[in-house]
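Here is a short walk through one protein chain, written for someone meeting it fresh. Have a look at the picture, then read on.

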Amino acid sequence: MTKMALIRKEYGESFKEVVRGYAEMGYSRSFTASTLGINLSYFRQLCTRFDLHRHFKPQGQMRRECRQGTN
């Protein structure tokens, strides 16, 4: 089973919807990739493929734990 299929099964939503949800809650790409168990480089490729980058907030608007230098 592919990683995207596993994510769909676990969350009950499509990969795109799961990623969009994390992004809209203010999580970073690296946090989301790590949480979903996907290599960051591959995750970025998937975000480009599915046009998901636009859902991620600028660093200053991300959740505190996802901003660089504030961990």
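Which helix holds Thr-32? Thr-32 sits in helix H3, which covers residues 29-36.

## What you are looking at

This is a predicted model, so to read it properly you should know that local features need pLDDT of at least 70, that side-chain atom pairs count only at pLDDT 80 or more, and that totals for chains, interfaces and linings use all residues. Residues are numbered from 1 along each chain as its sequence is written, and side-chain values use heavy atoms, with hydrogens and water left out.

The protein chain has four helices and zero strands, giving the pattern α-α-α-α along the sequence. Here helices (H or I, at least four residues) and strands (E, at least two) are DSSP runs, numbered from the N terminus.

## Overall shape and surface

How big is it? The C-alpha trace of the protein chain spans about 35 × 20 × 20 Å along its principal axes. Its radius of gyration is 12 Å, which agrees with the value near 11 Å for a compact globule with 71 residues. That radius is taken over C-alpha atoms, and the globule rule is 2.2 Å times the number of residues to the power 0.38.

Of the 71 residues, 30% count as buried. Buried means under 20% relative accessible area, exposed means over 50%, and partly exposed is in between (1.4 Å probe, protein chains only). The accessible surface of the protein chain comes to about 4,700 Å², and 46% of that belongs to carbon and sulfur atoms; such areas come from the Shrake-Rupley method with a 1.4 Å probe, and for residues only the protein chains shown count as cover.

Then there are the contacts, meaning heavy atoms within 4.5 Å. Among contacts in the protein chain with a separation of 6 or more, 55% are between residues 24 or more positions apart.

## Around Thr-32

Back to Thr-32 in H3. Thr-32 is buried, at a relative accessible area of 0%. Setting aside neighbours within four places in sequence, Thr-32 is in contact with Tyr-22, Tyr-27, Phe-43 and Phe-56.

Thr-32 also links up with the next topic: Cys-66 is 34 residues away in sequence, yet the two are 9.8 Å apart in space, C-alpha to C-alpha. Cys-66 is found in the segment after H4.

## The cysteines

How many disulfides does the structure hold? The count is zero, where a disulfide is a pair of cysteine sulfur atoms within 2.5 Å. Why does Cys-47 have no such bond? Because its closest cysteine sulfur, in Cys-66, is 14 Å away, which is too far.

Are these cysteines buried or exposed? Cys-47 is buried, with a relative accessible area of 0%, and Cys-66 counts as buried at 12%.

## After helix H4

Helix H4 covers residues 40-49, and Asp-51 lies in the segment after it. Asp-51 is not a glycine, although it has a positive phi of about 55 degrees. At 43% relative accessibility, Asp-51 counts as partly exposed.

Gly-60 lies in the segment after H4 too. Gly-60 is exposed, with a relative accessible area of 62%. Gly-60 and Asn-39 are 21 residues apart along the chain, and their C-alpha atoms are separated by 24 Å.
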